[in-house]
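Reader: Please take me through the pockets in close detail. I want their linings, element by element.

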Amino acid sequence: ALLVTHDPEEALAVCDRVVLLRDGRVEQVGTGEALYRRPATRFVARFLGELIECAGRCQGGAVETPFGRVPTDLPNGSPAVACFRPEAIRFHDAGAARGRVLRRAFLGARAMLLVTVDGLAEPVCLSCPAGEGPEAGDAVRLDWDGAQAFVFLREAD
């Protein structure tokens, strides 16, 4: 069966194989999990979920972000953007990134937190179990799961 949808969650939930199109051309083909975890382009990454983007330049095989260095094989000096899914970011006492919780919203089993991060222009939305994590106004340190980061050329969309 063929399902045509503009709803990313629906495609990820019911399809064995996803073909993501943009302006009539194929951006990426694969399982929903493969497209979500290893998007080929920023368009695919943005289309399939929330994304934290850190612009920088490749130096020494990595892009420096507030969360730490993200390895890449892009040439040195290339304008790049390192991307993280919000679920890759964790509150951690010794985390590299520093920030402050602007707002905390109770959502039952989870709490959503709006967090400013030093070095990022826009606040990020993170979640944690409802009975855990920082409160509004708290200073925080953040760490990340490097296996869930990916890098694109900055011009690429």
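Author: Here is a look at the two pockets and their linings. This is a predicted model, so local features need pLDDT of at least 70 and side-chain atom pairs count only at pLDDT 80 or more, while totals for chains, interfaces and linings use all residues. Residues are numbered from 1 along each chain as its sequence is written, and side-chain values use heavy atoms, without hydrogens and water.

A pocket here is an open set of points on a 1 Å grid over the protein atoms alone, where a 1.4 Å probe fits, with protein on both sides within 12 Å along at least five of seven lines; lining residues have an atom within 4 Å of a point. Volume is the space filled by probe spheres set on the points, which are joined across faces, edges and corners.

The largest pocket holds about 460 Å³. Its lining has 18 residues. Nearest the centre are Leu3, Val4, Thr5, Val19 and Leu20. Two or more lining residues come from each of α1 (8-14), β1 (18-22) and α3 (42-47). Such elements are DSSP runs, numbered from the N terminus: helices (H or I, at least four residues) and strands (E, at least two). β1 gives the largest share, four residues. By type, the lining has 14 nonpolar, two polar and two charged residues. Nonpolar means Ala, Val, Leu, Ile, Met, Phe, Trp, Tyr, Cys and Pro; charged means Asp, Glu, Lys and Arg; the others, Gly among them, are polar.

The second largest pocket has about 390 Å³. It is lined by 23 residues, with Pro86, Glu87, Cys125, Leu126 and Ser127 closest to its centre. β7 (89-91), β9 (110-117) and β10 (124-129) each supply at least two. β10 gives the most, six residues. This lining divides into 14 nonpolar, three polar and six charged residues.
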